[in-house]
Amino acid sequence: IIHEPSPAALNNNIKSIAPSLLTPKTPQTPQINKMWRRSFSSSTAALKGKKWDALVIGGGHNGLTAAAYLARGGLSVAILERRHVIGGAAVTEELVPGFKFSRCSYLQSLLRPSVIKELELGKHGLKLLKSNPSSFTPCLDGRYLLLGPDKDLNHSEISKFSLKDAQAYPRYQTQLESFCKFMDLVLDSPPPESVHHKSSINEKLKNKLQNSVFWASCLRQVSSLGQKDMVDFMDLLLSPASKVLNNWFEADVLKATLATDAVIGSTASVHTPGSGYVLLHHVMGETDGERGIWSYVEGGMGSISKAIGNAAIEAGAHVVTNAEVSRLLIENSSTVCGVALADGTEVHSSIVLSNATPYKTFMELVSNDVLPDDFVRAIKHTDYSSATTKINVAVDKLPEFHCCKLEHPHAGPQHVATIHIGSESMEEIHSACQDAVNGVPSRRPVIEMSIPSILDKTISPPGKHVINLFVQYTPYKPLDGDWQDHDYRESFAQKCFTLIDEYAPGFSTSVIGYDMLTPPDLEREIGLTGGNIFHGAMGLDSLFLMRPAKGWSNYKTPLKGLYLCGSGAHPGGGVMGAPGRNAARLVLQEVGERT
């Protein structure tokens, strides 16, 4: 096995392949090629001597989305990305020669249909590869569970464990789908926030009217659900995922498979109140109009960011990489007038949108003495904890699961699906969580494995494969070691590989090399405070009108001209594009009102 490369080796490798990752796929006309070369650079020189209509801090998918809408609205926009490559957590990087990893996020479903349609992402290179079947859970007793969009397959598979569950599962799916339709309105709209005391009478009247329209739409949705479904919806939002799933099903493996969606990316257990909402959050997406269908992205998740970046650049936005923002420029202690970069360059604009986490934005880029005390406390004490580690693995052969006799000598349906390792019961997931609560990485980690190279032939050499391992639970500061210790890191990676060996003997020997991102790595490399992939916890106390803080849920901030457009704003984390779209539409509306 080739061990995880050292940070220095990684940096050298990244630098050598950076140009291919940086440069978006460009149209083939000389005029547009020239425009694109002018609009995408790693030099800050082009930013000087100009006041931009808007600046976007961070070239993650939400920042790119915001920039695309702003540029299409006629504003001059510059996107300032700290790293050498755009995409944030939706990025493709070749860290083992010949293998292109979706280094952080790894599956697509949540990207809002409105973003795909309005930005014409298909035209800009986005190609989705549907995962069917969508879920595979191997069991140590020799059985397995396959699930997907095929209703007959689901009935047949679940019946192996419980006929009662097989009959209940379509009703469960139908109910979740009805809840997701209700959520569409919430996801695609800014929260109905109240205006602040300095607003004019006209602004207050307009705000009340807009909020009334939103709540009226919600009431119509509620009435269409009916009281029984609405009570069930509230039960789902407030209850632990274990309670919700126990009320529906009896088979441990089915409940555990579904429960993984409720805890993924969080520090929560399946028994944590409110984890039912996160279960809904991960099934509310769609692919090509099919609800709840997940897909791989050809070229890796970075292709989503590239496609959005392409749309932004075509509309006139300017993207600059290696442009780290060190602080916001503020005048009169209340109004943003631009940013200062780490190299000393000052870039001026009266509108700045931050795609960084709320903590990074307000605790590191802004002096606390210009922000209200209650706001600072709310941001400072937001839950940014993480127990997530991502391991990207290059292998020389597919894993062979001993429970599968599916007569597929090479890639089978089990390899197409998301594979759940160590998730045969909800108590197994809870036990893994409790290890982290006690300060140590899970003794038997919960692993979500996916093999995108089964469908995407562009990301690995022939006959070899890319494997994503999304691993829980790994505390930020383990009590029994340090993530900066190479031997400690290696030991945990081998623990994960050995667990997979129990289900797919010989997996460990197939590993060519790997890259591992623990919570501190996610914070340092990607800019995710605490390593939290959602820019902050997704509990009910941190959503909708409370995200990122009470009174500031509609992308505005206490500083005039500064807006949040990342996952730390409504509606939260995941590769959605909704925060970027919603924030940009608000900015364009306010600019239009001023002109």
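Here is a short conversation about how two domains meet in a predicted model, followed by a look at some of its strands.

Visitor: Which stretches of the chain make up domain 1 and domain 2?

Guide: Happy to start there, with the model being a predicted one. Domain 2 takes residues 132–293 and 384–530. Domain 1 is built from 44–125, 299–382 and 537–593.

Visitor: What area is buried between domain 1 and domain 2?

Guide: The contact draws on 49 residues from domain 1 and 57 residues from domain 2. Carbon and sulfur atoms give 59% of the buried area. The area itself is about 4,300 Å².

Visitor: Which three residues supply more than any other three of the area that domain 1 buries against domain 2?

Guide: Good one to have open in your viewer! The three together supply 17% of the area that domain 1 buries against domain 2. One of them has a side chain that meets E525 in a salt bridge, at 3.6 Å from N to O, and that residue is R103. The full trio is F99, R103 and Y106.

Visitor: How many salt bridges are there between domain 1 and domain 2?

Guide: Polar contacts can be counted too, and 25 residue pairs, both at pLDDT 80 or more, are in polar contact between the two domains. For salt bridges, the count between domain 1 and domain 2 is five.

Visitor: Which element gives the most to the side of domain 1 that touches domain 2?

Guide: Several elements supply at least two residues each, among them β5 (92–96), β6 (99–102), α4 (113–118) and α19 (578–594). By class, this side of domain 1 has 23 nonpolar, 17 polar and nine charged residues. With five residues, the element that gives the most is α19.

Visitor: Which residue in β6 is the bridge partner of E93?

Guide: β5 and β6 pair in the antiparallel sense over three bridges. They form a hairpin with two residues between them, and G98 in the turn has a positive phi of about 90°. The partner of E93 in β6 is F101.

Visitor: Why do β2 and β14 each have one side without a neighbour in the sheet?

Guide: The open sheet has four strands in the order β2-β16-β15-β14, with mixed pairing. β2 (51–52) and β14 (325–331) each have one side left without a neighbour because they stand at the edges, each with a single partner strand.

Visitor: How many bridges join β14 to β15?

Guide: β15 covers residues 335–341, and the two strands run antiparallel. One pairing to look for is E331 with T335, the latter in β15. The number of bridges joining β14 to β15 is six.

Key:
Residues numbered from 1 in each chain as written. Predicted model: local features only at pLDDT ≥ 70, side-chain atom pairs only at ≥ 80, totals over all residues. Heavy atoms only, no water. Domains from an automatic or database assignment. Contact = heavy atoms within 4.5 Å. Buried area = accessible area lost by both parts, 1.4 Å probe. Salt bridge = Lys/Arg side-chain N within 4 Å of Asp/Glu carboxyl O. Polar contact = N/O pair within 3.5 Å; in protein donor to acceptor, adjacent residues only side chain to side chain. Nonpolar A, V, L, I, M, F, W, Y, C, P; charged D, E, K, R; others polar. Pairing = 2+ DSSP bridges.
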